[in-house]
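User: I'm new to reading structures and keep tripping over the labels. Could you walk me through how they're given?

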Amino acid sequence: MTALLSSLLSNPAILGVLASVIAALGWGFHQRLAGAGAERARQAASEAAARDIADRVDNDIGTLPGEAARKELKSWARG
């Protein structure tokens, strides 16, 4: 077994193929991680925009007088 492994690892063509396979796997793994990071960043930006809109709505509702706020929020109530 050792002789077979030794002869395979001493062959430059086989070493080149193995190095190419390892490099391709490493590059693919790196690209997958980069894509996951980009998706997380995109979702965080989307959530931040939604939070900003929600904060503005809360602020607008907070500035309304009580009766106007109840009238406005009645349209959002389900039932």
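Analyst: Sure, let's take the labels one at a time. This is a predicted model, where local features need pLDDT of at least 70, side-chain atom pairs count only at pLDDT 80 or more, and totals for chains, interfaces and linings use all residues. Residues are numbered from 1 along each chain as its sequence is written, and side-chain values use heavy atoms, leaving out hydrogens and water.

User: Why is Thr 63 called exposed?

Analyst: Buried means under 20% relative accessible area, exposed over 50%, and partly exposed in between (1.4 Å probe, protein chains only). Thr 63 has 59%, so it counts as exposed.

User: And what makes Leu 18 partly exposed?

Analyst: Leu 18 has 40% relative accessibility, which falls between those two cut-offs, so partly exposed is the label.

User: How do you know that Asp 55 and Arg 51 meet in a salt bridge?

Analyst: A salt bridge needs a side-chain nitrogen of Lys or Arg within 4 Å of a carboxyl oxygen of Asp or Glu. For Asp 55 and Arg 51 the N to O value is 2.7 Å, so the pair qualifies. Both lie in helix H2, 4 residues apart, about one turn of the helix. Helices, by the way, are DSSP runs (H or I, at least four residues), numbered from the N terminus.

User: What makes Arg 56 and Asp 52 a salt bridge?

Analyst: Same rule: their N to O value is 3.4 Å, so they pass. Arg 56 and Asp 52 are 4 residues apart in helix H2, so about one helical turn separates them.

Technical notes. Helix = DSSP H or I, 4+ residues; strand = E, 2+ residues; numbered from the N terminus.
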